[in-house]
Amino acid sequence: MREGAGQWRAAPRPVDWHARREAVLARDQVCQWPISYDGTICGSTDRLEVDHINGNTNHELWNLRALCQHHHRSRTGQQGGRAAQAKRPKRQRPPEQHPGLL
């Protein structure tokens, strides 16, 4: 799929996005997704994409990292799920009084 096709973005990319993307991919070279608590990363070189670490409006190089397509999609799905869940009203009954106290 060509870049930008079918993509929705909350914040526009800067005009020099392609240069930033290439700089991040040259810097990282492999997927930076942490796979264990000891600092081990995925390390895949297959289908690398650039991910915003903290929010998608800051395009500074320190806020960008390379992720393989699998981990980038997984992260994006998690973020979307959390956002949707936060917007959803709570569907919980109010606590009922104990029958012995009625």
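Is Cys68 buried or exposed? Cys68 is buried, with a relative accessible area of 6%. We'll come back to that residue in point 6, but here are my notes in order.

1. **What you're looking at.** First things first: this is a predicted model. The protein has 2 helices and 2 strands. If you walk along the chain from the N terminus, the elements come in the order α-β-β-α. Try tracing that path on the structure before reading on.

2. **The overall numbers.** The protein has 102 residues, and 23% of them count as buried. Its exposed surface comes to about 8,100 Å², with carbon and sulfur atoms supplying 52% of that area. Now take the contacts between residues at least 6 apart in sequence: 46% of these join residues at least 24 apart.

3. **The two strands.** Strand E1 covers residues 48-52, and strand E2 covers residues 64-68. They pair in the antiparallel sense, over 5 bridges. To find one of the pairings yourself, look for Val50: its bridge partner in E2 is Ala66. Why do we call E1 largely enclosed by the rest of the structure? Because 4 of its 5 residues are buried. His52 is a residue of E1, and it counts as buried because its relative accessible area is 9%, under the 20% cut-off. The side chain of His52 also makes a polar contact with the side chain of His59, at 2.8 Å.

4. **The nonpolar core.** The largest nonpolar core is made of 11 residues, among them Trp17, Val24, Trp33, Leu48 and Leu67. Which elements give two or more residues to this core? They are H1, E1 and E2. E2 makes the largest contribution, with 4 residues. Val50 and Ala66, the bridge partners from point 3, are both members of the core as well. For a look at the surroundings of one core residue, click on Leu67. Leaving aside neighbours within four places in sequence, Leu67 is in contact with residues including Cys31, Trp33, Leu48, His72 and Arg75.

5. **A buried aspartate.** Asp28 is worth a stop. It lies in helix H1, which spans residues 17-28. Asp28 has a relative accessibility of 14%, so it counts as buried. What does Asp28 touch, not counting residues up to four places away in sequence? The answer is Leu64, Arg65 and Ala66. With Ala66 there is a specific detail to check: a polar atom of the Asp28 side chain lies 2.9 Å from the backbone nitrogen of Ala66. So Ala66 turns up as the bridge partner of Val50, as a core residue and as a neighbour of Asp28.

6. **Two cysteines, no bond.** A disulfide is a covalent bond between the sulfur atoms of two cysteines. How many disulfides does the structure hold? It holds 0. Cys31 and Cys68 might catch your eye here, but their sulfurs are 3.7 Å apart, which is too far for a bond. The cut-off for calling a disulfide is 2.5 Å. Both cysteines belong to the nonpolar core. Cys31 counts as buried because its relative accessibility is 0%, and Cys68 is buried too, at 6%.

7. **Two residues with positive phi.** Most residues other than glycine have a negative phi. Gln29 goes the other way, with a phi near 65 degrees. Arg47 also has a positive value, near 50 degrees. Where does Gln29 lie? It is in the loop between H1 and E1, and Arg47 is in the loop between H1 and E1 too. Gln29 counts as exposed because its relative accessibility is 54%, and Arg47 is exposed with a relative accessible area of 58%.

8. **Over to the second helix.** Helix H2 runs over residues 69-87, and His70 is found in it. His70 has a relative accessibility of 58%, so it counts as exposed. Measure along the chain and His70 is 23 residues from Arg47; in space, their C-alpha atoms are 8.5 Å apart. Arg47 has one more link to look up: it is one of the residues in contact with Leu67.

Technical notes:
Residues are numbered from 1 along each chain as its sequence is written. This is a predicted model: local features need pLDDT of at least 70, side-chain atom pairs count only at pLDDT 80 or more; totals for chains, interfaces and linings use all residues. Side-chain values use heavy atoms; hydrogens and water are left out. Buried means under 20% relative accessible area, exposed over 50%, partly exposed in between (1.4 Å probe, protein chains only). Contact means heavy atoms within 4.5 Å. Accessible areas come from the Shrake-Rupley method with a 1.4 Å probe; for residues, only the protein chains shown count as cover. Two strands pair if DSSP finds at least two bridges between them. A polar contact is a pair of N or O atoms within 3.5 Å; within protein, one must be able to donate a hydrogen and the other to accept it, and residues adjacent in sequence count only if both atoms are side-chain atoms. A nonpolar core is a set of buried Ala, Val, Leu, Ile, Met, Phe, Trp, Tyr and Cys residues joined through side-chain atoms within 4.5 Å.
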